[in-house]
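Q: Could you take a close look with me at one part of this protein? I'd like a connected walk through it, at the level of strands, helices and residues.

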Amino acid sequence: MEKPIAVIAFGGNAILDKGDDGSFETQLEKAKTACREMLSILHKGYDICLVHGNGPQVGNLLIQFEKARDIIPVPPLDVAVASSQGLLGHMLEVSMRSVLAEDNMEKDVACILTQVVVDSEDPSFKNPTKPIGPFFTKKDAECLMEKQGWKMVEDAGRGWRRVVASPEPKKIVEADSILNLLDNEFIVIACGGGGIPVVRDYGNKGCYKGVAAVIDKDMGGELLAEDCGADVLFLLTAVEHVAINFGKPDEKWLDSLTPDEARKYIGEGHFAPGSMLPKVEAAVEFAESAPGRSALITLLEKAKDGVAGKTGTAIHQ
């Protein structure tokens, strides 16, 4: 009998948060803590595929690139995303192998550098809104907009930042390789940061080329979960449940939602863009992709309890 598959998507701040010292030693220790929680889902009888965010890490890389601009060429954004995939994938693979050894479990691990196809005509390319990288003064921002062709916006009084497109993921280039590894019971790390964004280059026989964009890791994880026939999609976040009227006197935590109920709350504006909204949207899309599929939104440390239906917000038909 085939084991059920769980795709687990969690944020890059699980490895590097604002209060951390930023050292690789600290990140590695937090990666091990995260992997121990993932291992608990493995013990529930699932094969698992991990999808990590990369916001803090790719932000740091962009700062490093900018500081070194006068010494070495600044790589394009898709290369920065790829760099963060390699960085975090390495740490997570090392950490997962370490916790498997602690557990005396014989299981192999593979990290797949993952390209994700987006539509070059996606509306977000004409209206980029995703802020990334360092803050600049207005003077420096005006210079960068002129020289680099960037779109930049003032960000909540903290300075000016570059904004880029965040297009919808359409296809995972390495999907067959990922599925093959899961079929052979590997723990797979894939679609890091939502995936390296690529588009078709029809001037070069339809081959892929990188594009300046970032993909939401929850939506990338949802597409991966569909492609590998996952039974459950875990969308891990900073709260144990999804709430409506969040932070208000009539705040209400939700244990279970149908896709229709979730869409109703989305329409009423209950979920913040860039925070809970993409998680709920990804959960709805996955729950409706095939009969019997469900998505769970909860805390990293509560994920194993969510398998047993004891915590989190489940979205299913």
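In what sense do strand β4 and β8 pair, and over how many bridges? Please go on from there to the surroundings.

A: Happy to! One thing to keep in mind is that this is a predicted model. Strand β4, residues 115-118, pairs with β8 in the antiparallel sense, and 3 bridges hold the pairing. If you want a spot to click on, try V117, which stands opposite K171 in β8.

Now turn to the partner β10. Here β4 runs parallel to β10, again with 3 bridges joining the strands. A handy marker for this pairing is Q115, which stands opposite I196 in β10. In general, strands of a sheet pair through backbone hydrogen bonds, and the pairing may be parallel or antiparallel.

Put together, these strands belong to an open sheet of 4 strands in the order β8-β4-β10-β11, with mixed pairing. At the edges stand β8 (169-172) and β11 (207-210), each of which pairs on one side only. From one strand to the next, the twist averages 45 degrees.

Next, look at what lies across this sheet. Helix α3, residues 77-102, lies across β10 (196-201) and β11, and its direction makes an angle of about 135 degrees with β10.

Helix α3 also leads us to another helix. It packs with α2 (residues 55-67) at an angle of about 125 degrees, and the two axes are 9 Å apart. Angles from 65 to 115 degrees would count as roughly perpendicular and those over 145 as roughly antiparallel, so α2 and α3 are oblique to each other. Their crossing is right-handed. On the α2 side, the contact is made by Q57, V58, L61, L62 and F65, while α3 brings L77, A80, V81, S83, S84, L87 and L88. By type, the residues of this contact divide into 9 nonpolar and 3 polar, with no charged ones.

For a second sheet to set beside the one we began with, go to β5, β6 and β7. This open sheet has 3 strands in the order β5-β7-β6, and the pairing is antiparallel. Because β5 (130-136) and β6 (151-154) stand at the edges with a single partner strand each, one side of each is left without a neighbour in the sheet. Neighbouring strands here are turned by 35 degrees against each other on average, direction ignored.

Within this second sheet, β6 and β7 (residues 160-164) run antiparallel and are joined by 4 bridges. V153 is a good place to zoom in, as it stands opposite R161 in β7. This sheet has a helix across it too: α4, residues 138-148, lies across β5, β6 and β7 and runs at about 125 degrees to β5.

One last stop is a single side chain elsewhere in the model. E37 lies in helix α1, which spans residues 24-42. With a relative accessible area of 18%, E37 is buried, because the cut-off for that word is under 20%. Leaving aside neighbours within four places in sequence, E37 is in contact with L300, E301 and K304.

Technical notes: Residues numbered from 1 in each chain as written. Predicted model: local features only at pLDDT ≥ 70, side-chain atom pairs only at ≥ 80, totals over all residues. Heavy atoms only, no water. Pairing = 2+ DSSP bridges. Helix = DSSP H or I, 4+ residues; strand = E, 2+ residues; numbered from the N terminus. Axes fitted to C-alpha atoms, helices over the stretch in contact; angles between N-to-C directions. Contact = heavy atoms within 4.5 Å. Parallel < 35°, antiparallel > 145°, perpendicular 65-115°, else oblique. Left-handed = near helix turned anticlockwise from the far one by under 90°. Nonpolar A, V, L, I, M, F, W, Y, C, P; charged D, E, K, R; others polar. Buried < 20%, exposed > 50% of the residue type's maximum accessible area, 1.4 Å probe, protein only.
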